[in-house]
Amino acid sequence: MRNPEPTISEIRSRLKKIRNKFYPNLDLSNTEIVISNRLIKAGRITQWYSIPKNKLTISRKYHTHHGWGDELDETLKHEIIHIYLPINCKHGQRYRYERKRTSAKHYSKWIKSEPSRNLYKCNSCSHQFESQVDEVECPKCYDTLECLGEISI
Ligand SMILES: [Zn+2]
Ligand SMILES: [Zn+2]
C-alpha cells in the first residue's frame, strides 16, 4: 500500500525523528518546509549567508512517483545533512563523511515520466557533464559540483 501525501506538520515530525537520531542538538525551528509542484529532483535546501534560515523544498512529483514512505525519509536524511553543515559544504568531504555516518543515499532516483537532465560543473577541475540523477560529486576528481541547471530532453 502506498503512503498518502503527508501534511507539512507530518513531514516536520518525520524530519525531527531523523534529527533526534543523528543530530540531537540541531535546531530546526528556523527550517521552513514547503512542497513544490515544480521541483523534479527529490528535495532542495535553500540557505542564506545573511540570515540563519533554511528552506526545505520537497518535490510532490518525485514522491508521488517514488512514494511518500521510505523514499521521503531518504530525502529528509539527505537534506538534514545540508541543514547541519555550514552553507558552503555542499556535497564536499564533510558532506560525504556525514552521508556515510547516516547511511544516506548517494543519489536520488529520477522520474522516468518526466525526463530531464541537469548540467553539472566541477568546482575544482571544471569538468562538465549532464546527468539524469542528482549528482553529488565529480566523477573525475570527486570534488563538489555546481548544478548549472536543467536541460530538457
Ligand atoms: Zn544535496
Ligand atoms: Zn572534478
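**Notes on a predicted model**

1. Strand 2 and strand 3 (residues 54-59) run antiparallel to each other, paired over five bridges. One spot to look at along here: R44 sits opposite T57 in strand 3. Keep in mind that this is a predicted model.

2. Now the sheet itself. Its three strands follow the order 1-3-2, the sheet is open, and the pairing is mixed. Strand 1 (31-36) and strand 2 (43-47) are the edge strands, each pairing on one side only. On average, neighbouring strands in this sheet are turned by 20 degrees against each other, direction ignored.

3. Then look at what lies against the sheet. Helix 3 (residues 70-84) packs on it and touches strand 1, strand 2 and strand 3. The direction of helix 3 makes about 15 degrees with that of strand 2.

4. Stepping back, the chain splits into domain 1 (8-102) and domain 2 (118-150). Their C-alpha centres are 20 Å apart. Where the two meet, five residues of domain 1 are in contact with five residues of domain 2. On the domain 1 side, the touching residues come out as one nonpolar, two polar and two charged.

5. Last, a residue to click on: F129, which belongs to strand 5 (residues 128-131). Why is F129 called partly exposed? Because it has 15 other C-beta atoms within 10 Å, while a buried residue would need 20 or more and an exposed one would have 12 or fewer. F129 and K105 are 24 residues apart along the chain, and their C-alpha atoms are separated by 21 Å.

Conventions: Residues are numbered from 1 along each chain as its sequence is written. Chains are lettered from A and ligands numbered from 1 in the order in which they are written. This is a predicted model: local features need pLDDT of at least 70, side-chain atom pairs count only at pLDDT 80 or more; totals for chains, interfaces and linings use all residues. Helices (H or I, at least four residues) and strands (E, at least two) are DSSP runs, numbered from the N terminus. Two strands pair if DSSP finds at least two bridges between them. Axes are lines fitted to C-alpha atoms, for helices over the stretch in contact, and angles run from 0 to 180 degrees between N-to-C directions. Two residues are in contact if their C-beta atoms, placed from the backbone, lie within 7 Å. Domain bounds come from an automatic or database domain assignment. Ala, Val, Leu, Ile, Met, Phe, Trp, Tyr, Cys and Pro count as nonpolar, Asp, Glu, Lys and Arg as charged, and the others, Gly among them, as polar.
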